[in-house]
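Trainee: Could you take one part of this model and walk me through it closely? I'd like to hear what it packs against and how.

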Amino acid sequence: MIQYYFPYRNLIDENWDVVLKTFIPKIVSADDELSYKLTLLELIGKINDTHANIWSRDDMLSKFYGLKSAPVEIKIIDNQVIVTKVYDELDENVDIKNGDIITHINGEAIEKLIDEKIKYCPASNLPTKLRDVSRRLLRTNNEFLQLIVQRDKSSNNMKTN
């Protein structure tokens with residue numbers, strides 16, 4: 001379809017023939033539904049088109065990203081994950097505020113998590129990819145997320161549910 005029908009093939013960053021030859025074995029060797037769909041998302045990301053994605057509500061991908069989410073909104077601004085909204089459902093024992101910078105989630109550096117997740121966020125530009133990554137960073141299937149948050153040049157270690 002990309003070869004013959006994609007109108008922006010000339011704008012793809014990589015040689016499409018090389019991309020296709022790289023991904024065909026990955027797709028064939030996908031041994032379960034999740035690895036197949038993640039491989040497809042990574043392939044879709046290669047065409048740099050925000051309109052191309054797996055659009056249907058997909059239970060398998062929802063479980064992969066996490067069925068639960070911390071009751072805060074975040075945005076990635078200047079390579080930092082910034083808390084932009086705290087919802088009322090947040091446990092009163094958790095001290096997180098607008099403007100806090102999340103540096104680690106469950107012991108993992110935020111930069112590493114973004115690098116791992118961004119390939120599953122097909123989009124035409126980096127700001128849109130980062131927007132989509134930020135929507136997934138605080139999703140989990142666990143009861144809690146452990147966050148390390150920086151505020152006023154000091155760090156706090158906390159759990160949020």
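Mentor: Confidence in the protein chain peaks in helix 5 (residues 110-118), at a mean of 97, and bottoms out in strand 8 (residues 154-160), at 64. That's pLDDT, the predictor's confidence in each residue, from 0 to 100; helices (H or I, at least four residues) and strands (E, at least two) are DSSP runs, numbered from the N terminus. This is a predicted model, so local features need pLDDT of at least 70 and side-chain atom pairs count only at 80 or more, while totals for chains, interfaces and linings use all residues. Residues are numbered from 1 along each chain as its sequence is written, and side-chain values use heavy atoms, with hydrogens and water left out.

Let's stick with helix 5, then. I110, L113 and I114 are its buried residues (under 20% relative accessible area, 1.4 Å probe, protein chains only). They sit on the same side of helix 5, because they span an arc of only 100° around the axis, taken from the directions from the helix axis to the C-beta atoms. Those buried residues pack against strands 2 (72-77), 3 (80-86), 4 (101-105) and 5 (108-109), plus helix 6 (126-137), with contact meaning heavy atoms within 4.5 Å.

Now helix 6: its axis and that of helix 5 are 10 Å apart, at an angle of about 110° (lines fitted to C-alpha atoms over the stretch in contact, angles running from 0 to 180 degrees between N-to-C directions). That makes the two helices roughly perpendicular, the label for 65 to 115 degrees. Helix 5 brings I110, L113, I114, K117 and I118 to the contact, and helix 6 brings L126, K129, L130, V133 and L137.

Terms used: Buried means under 20% relative accessible area, exposed over 50%, partly exposed in between (1.4 Å probe, protein chains only). Angles under 35 degrees count as roughly parallel, over 145 as roughly antiparallel, 65 to 115 as roughly perpendicular and the rest as oblique.
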